[in-house]
Amino acid sequence: MRPPPAAPAVRPAEAPPPARPPAPPAERSWPAGWLRELGRLVVPVACPGCGALDVLWCAGCAALLDGPASRVEGAAPRPDRLDGVPPLPVWALAAYTGPVRELVVAWKDRGRVDLDRLVAPRVGAAARDAAPAVREACRGRRLLVVGAPSTGASRRSRGRDHVRALTRAVAAGLRDAGVPADVVPALVRRGRGRDQVGLGARARARNLTGSVAVRRGVVESPDGTPAAVLLVDDVLTTGSTLAAAERALEGVGADVVGALVVAATPPPGTVTRPVTDLPPPPVYLALGRG
């Protein structure tokens, strides 16, 4: 009897080919990478504070706005009302010099709207720093966060009201710290007053005389209690803008409890410490012909 035929040999299953490693980002989206590099050639990206290339802002310049917020009203001549009332408390994140000045100017006057993402969160943190003193001054009243008004010409040239981003961040920071706060666009500039840039202390005060007004019906409380107000501005220079805003608000019965700014100009004669941990400025090479 012949043995049964042997079962056909079963070939072992072949292992699947090894998976191709994922392509690097540049290979997966080469058009986007190519366009990005082309954009850098046409419109170079650089930190506005120090000029470091290929970054929206560098870590060193960003750290200059990390606070904590400090009181600066003693450095400005105009918040002192000379009527026996203490000057308005003003908190600032940094001195308006060096890289901080370049960063703020780029943000407010040179179209760097993307810097909202740098400035606004740090202003919100400054509001949390000031929250204990603000809460005490409010005495249980809800706080109105009011931005300093700009001229219509300034808003048109900038394409927006840049202080609005600050007021929203300040109100959010105060609420995080347990202080009820609402943004109220209470102030307007009227007349033909020019922008404050480039004016000295006396000229700033004259330029603002009678030009800041309060919108009707926005700060009055139903029970007649004076509303508590915190002013917000970009830079404290002489204090004329804040003083004019304070007078206008007090004229309708509001109680201005303080102000918060991104940066404050040091008083004349102040020696500021140089910043030494920033990257060196970029070197641009000019290629000659032939």
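Asp109 is partly exposed, with a relative accessible area of 40%; here buried means under 20% relative accessible area, exposed over 50%, and partly exposed in between (1.4 Å probe, protein chains only). Welcome to this predicted model, in which local features need pLDDT of at least 70 and side-chain atom pairs count only at pLDDT 80 or more, while totals for chains, interfaces and linings use all residues. Residues are numbered from 1 along each chain as its sequence is written, and side-chain values use heavy atoms, leaving out hydrogens and water.

**Salt bridges**

Asp109 has a salt-bridge partner in Arg158, a residue that is buried at 18% relative accessible area. A salt bridge is a side-chain nitrogen of Lys or Arg within 4 Å of a carboxyl oxygen of Asp or Glu, and the whole structure holds 12 of them. Here are three:

| Salt bridge | Closest N to O distance |
|---|---|
| Asp109 and Arg158 | 2.8 Å |
| Asp255 and Arg141 | 2.8 Å |
| Arg142 and Asp182 | 2.4 Å |

Arg142 sits in the loop between α5 and β3 and Asp182 in strand β4, so this pair ties together parts 40 residues apart in sequence. Arg142 is partly exposed at 44% relative accessible area, and Asp182 is partly exposed too, at 29%. As for Asp255, its relative accessibility of 24% makes it partly exposed, whereas Arg141 is buried at 15%.

**The sheet and its helices**

Helices (H or I, at least four residues) and strands (E, at least two) are DSSP runs, numbered from the N terminus. An open sheet of mixed pairing is formed by 6 strands in the order β1-β2-β8-β7-β3-β4, where two strands pair if DSSP finds at least two bridges between them. At its edges are β1 (70-71) and β4 (181-183), each paired on one side only. Further in, β7 (residues 228-236) and β8 (residues 255-264) run parallel and share 8 bridges; Leu231, for instance, has Ala259 in β8 as its bridge partner.

Helix α7 (residues 163-176) packs on this sheet, touching β3 (143-147), β4, β7 and β8, with its direction at about 130° to that of β7. Contact means heavy atoms within 4.5 Å, and angles run from 0 to 180 degrees between N-to-C directions, with axes fitted to C-alpha atoms, for helices over the stretch in contact. Buried residues of α7 include Val163, Leu166 and Leu174. Just after α7 comes Gly178, with a positive phi of about 90°.

**A buried serine**

Ser211 lies in the loop between α8 (201-208) and β6 (212-214) and is buried, at 4% relative accessible area.
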